[in-house]
Amino acid sequence: MTTIDEQAAVLALTKATHDQPWFYTARVILDSGSALELLDGGYACRDEDDQAHAAAIAARVQPDDLSWGRDLITAMRTDGVHLVTVLDDAYPGNAIWAYDRQPFLWIRGRFQAGDHRAVAVVGEHDVDHAAAAAQALAEAGLTVVAPLRTDLDAAVHQAALAAKGRTSRTLAVLAGGITESATLGEYASVAKQIADCGAIVSPFWPGAAPTDRTVTRARIVTCGLADCLYVVDGADRGPSASHVEQALRTGKRVFVSQRLQQEQPWVDRAGFRGGMTVVQDIDDLCRQAVNLVDMAPRTHTC
């Protein structure tokens, strides 16, 4: 079990990351095997860029930063939120293999061992189709992953939670801090239902307000938590297309409906190099998704 001092060191090193994406810091921490040892200069890597990055962030961390990290972790635990870092065994299995994994996640609720059998469901307008897909996937025994920013997202989570015949699991990825009221807005009651049966996940500082940049990082986590992605609908350059781009970049399989493929030329362009499968209907989606999550090997992509 990772100690609170190790977790505080992860927070301090992330806070000291000024000029590179946070996943650079996650990589050097994970490679080191100890955030505390990295702070003490105990990091050696043949990659000169990683070596330079590790040295730079370690040099910026002050003793008070570790105290700040411990105090933040303790305060969040009091609020029912716990921290999972890349050094923790509880860090989700799908996400740890992605090259752009985040150094930490704040969680309200719990991850479970079977959450790697997960499908992300994203879309923009067709709420009924999204909800039907989510319920069917949940009833097929899969964990459903989705953002929590729109009515469609809320419908996805509620449909998964209402699935019959199993203990439903759903993971909601926030586009802001987990204690920031603007992050949940009108979906606070849905978030509570999710936390009772699954997990609310945020890769940001707890009080961070949602912005365009945080929305982009939330897509990374949404795709990272899932083994594959199902796209309900979406226009060119819209949120769904951005999720597809992220998923394909990290080697995740993308399922799209036949209707979407026929109506939106961007789908064929996105899938030109492979990685995308057109499904005939929701039953076809469930069959292929179950086969994929049960057969896909865990491959390190960093």
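1. A helix's expected span is 1.5 Å times one less than its number of residues. With that in hand, helix H1 of this predicted model is a pleasant place to start: residues 4–15 make twelve residues, and the distance from first C-alpha to last is 16 Å, close to the 16 Å expected.

2. How much of H1 is covered? Mostly: nine of its twelve residues are buried. The buried set consists of Glu6, Gln7, Ala8, Ala9, Val10, Leu11, Ala12, Leu13 and Thr14. Their packing partners are the helices H2 (22–32), H3 (35–39), H4 (48–60) and H5 (63–78), together with strands S1 (82–85) and S2 (104–109).

3. Of those partners, H5 deserves a second look. The H1 and H5 axes come within 8 Å and cross at roughly 115°. Because angles of 65 to 115 degrees count as roughly perpendicular, H1 is roughly perpendicular to H5. The crossing of the two helices is right-handed. On the H1 side, the contact is made by Ile4, Asp5, Gln7, Ala8, Ala9, Leu11, Ala12 and Lys15; H5 contributes Asp65, Leu66, Trp68, Gly69, Arg70, Leu72, Ile73, Thr74 and Arg77.

4. Turning to charged pairs, the model has twelve salt bridges. One of them joins aspartate 196 to lysine 192, with 3.5 Å between the closest N and O atoms. Why are these two separated by about one helical turn? Because they sit four residues apart in helix H10 (residues 188–197). An α-helix has 3.6 residues a turn, so residues three or four places apart point the same way. Both aspartate 196 and lysine 192 are exposed.

5. A second pair within one helix is arginine 287 with aspartate 284, whose closest N and O atoms are 3.9 Å apart. Since the salt-bridge rule asks for a nitrogen within 4 Å of a carboxyl oxygen, you may like to check this pair by eye. Both residues belong to helix H15 (residues 282–295), at a spacing of three residues, about one turn. Is aspartate 284 buried or exposed? Its relative accessibility is 11%, so aspartate 284 counts as buried.

6. Finally, a bridge between separate elements: aspartate 236 and arginine 269 meet through their side chains at 2.8 Å, N to O. Aspartate 236 is in the loop between strand S7 (228–231) and helix H12 (239–249), while arginine 269 is in helix H14 (residues 265–270), so the pair ties together parts 33 residues apart in sequence. Aspartate 236 is partly exposed, its relative accessible area being 40%.

Terms used:
Residues are numbered from 1 along each chain as its sequence is written. This is a predicted model: local features need pLDDT of at least 70, side-chain atom pairs count only at pLDDT 80 or more; totals for chains, interfaces and linings use all residues. Side-chain values use heavy atoms; hydrogens and water are left out. Buried means under 20% relative accessible area, exposed over 50%, partly exposed in between (1.4 Å probe, protein chains only). Contact means heavy atoms within 4.5 Å. Axes are lines fitted to C-alpha atoms, for helices over the stretch in contact, and angles run from 0 to 180 degrees between N-to-C directions. Angles under 35 degrees count as roughly parallel, over 145 as roughly antiparallel, 65 to 115 as roughly perpendicular and the rest as oblique. A crossing is left-handed if the near helix is turned anticlockwise from the far one by less than a right angle, and right-handed if clockwise.
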